[in-house]
Structure formats: C-alpha cells, structure tokens
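Thank you for making time this morning. I would like to walk you through one structure, and I will ask you to keep the sequence and the picture in view while I talk.

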Amino acid sequence: MKLHLTNLDELRQKVRSPHSRNYINESVAAYRVGAYRASLITTWVAVCVDIIEKIRELSLSEDPAAKKIEGELNKIQPDDPARMLRFEREILNVACDKLQLISTIEKSHLERLREDRNICAHPTFSDDGSQFSPPAELALSYIVQASNYLLVHSPVKGKVIVDRLYDLINYPSFPEDEEKIFEL
C-alpha cells in the first residue's frame, strides 16, 4: 500500500500566482494554529483570486471567452457587492464550463469548499447556537485540492482549442469519407 501525504510547504511553493500564494500561505498558517474556519475561508478566496487572474491571463492571449468574461469583471464596481456576489456564485461554472480550467469532478469538490466556506463565514442558526467547526482533515484536504486542481496550473486554452477543432470537423470541406481524406 502506497501512503503519500502532501507536504504543504512544497505545495505552497508551487502555487503560480503571487496573490493566490499569499492567500494559501495565510490558509496554511491558519490551519497550523487550528483556525480551520479561517483556513477554509482563505482557501476559497485563493481559488477565486486564481480564477480571476487566469481569466485576465487568457484574455491577454486573445481567448474570446476569457475576453468576454473579463469585460463582465471590469464592469463590476467596488461599491456593488451584489454584482460581486453574483460573479462569485458563478465563478466555478466559468472555470469549468466556459474556460475548462477545471474538470467537472474538480468543480464538484470545489463547490463543497464554497459551501463549507459559506457555513464558516456566516452565522448558522442552529437550535443549540453552535457553529460549524470543520475538522483539521477537512481544512487540509481543501488546501490540497484547491492547489492541485487549480492553483499550481497555468491557464490552458482548452475550450478554445476544442471549439476550433469542432469547427474544423464540421467545416463543409472536411471529408466525410475515409478515402476522400487522401485525395487532393
């Protein structure tokens, strides 16, 4: 049986974006002192910041979907928290469905992080007045998942490339018969 645990210090160094790395450093620091709620919240912020930076990076490389999303981002004003929250609610859909920065399975794991972040960041109205207290293992798993799924990777034009290949295949001049492939 192979047992391998992630070294958080090595993982933190692999995070590409300096802004995301700052948040993950803060998350790891919170984790190490037992502030697991703070760790979850900061890990979620690192995910959001990383996706936004990847949108901007892809936009610079002329990715049409990223350019459109960046335009939406640029319209959000600092005094418009409702619009910020709307964008945050959709950020994983953008990363998965529109830009293919993460897979569907990775998206579902990160959605659980978002849900737990919401529980940690807002008061819960339980009958006994207790608040959600995530276990250490949960906080650790979210740091590792966020890093391995998203934070350590460069943005890739996955959706753009797939769409272009699909367009080429559906182009009228694409041969439908195997024998016609070899004809000039």
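Let me begin with a question: in what order do the elements of the protein chain run from the N terminus on? They run α-α-α-α-α-α-α-α, and the count agrees with that reading, since the protein chain holds eight helices and zero strands. Please bear in mind throughout that this is a predicted model.

Turning to the interior, 36% of the 184 residues of the protein chain count as buried. The largest nonpolar core has 39 residues, and within it Val47, Ile51, Ile55, Leu92, Leu99 and Leu110 are the ones that touch the most other members. If you follow the helices along the chain, at least two residues of this core are supplied by each of H1 (8–14), H2 (18–32), H3 (36–60), H4 (64–75), H5 (81–98), H6 (104–121) and H7 (136–151). Which helix gives the most to this core? That is H7, with nine residues.

Now to the surface, where Lys75, Arg83, Arg86 and Arg89 form a positive patch. Helix H5 provides the largest share of that patch, namely three residues, and H5 is also one of the helices that supply the core I have just described.

Let me close with Arg86, a member of the positive patch that lies in helix H5. Is Arg86 buried, exposed or partly exposed, and why? Its relative accessibility is 48%, and because that value falls between the 20% and 50% cut-offs, Arg86 counts as partly exposed.

Conventions:
Residues numbered from 1 in each chain as written. Predicted model: local features only at pLDDT ≥ 70, side-chain atom pairs only at ≥ 80, totals over all residues. Heavy atoms only, no water. Core = buried A, V, L, I, M, F, W, Y, C linked by side-chain atoms within 4.5 Å. Buried < 20%, exposed > 50% of the residue type's maximum accessible area, 1.4 Å probe, protein only. Helix = DSSP H or I, 4+ residues; strand = E, 2+ residues; numbered from the N terminus. Patch = residues over 30% accessible without salt bridge, like charges linked within 9 Å, V, L, I, M, F, W, Y side chains within 5 Å. Areas by Shrake-Rupley, 256 points an atom, 1.4 Å probe, with all protein chains shown as cover. Salt bridge = Lys/Arg side-chain N within 4 Å of Asp/Glu carboxyl O. Lys, Arg positive; Asp, Glu negative; His and termini not counted. Charge placed at Lys NZ, Arg CZ, Asp CG, Glu CD.
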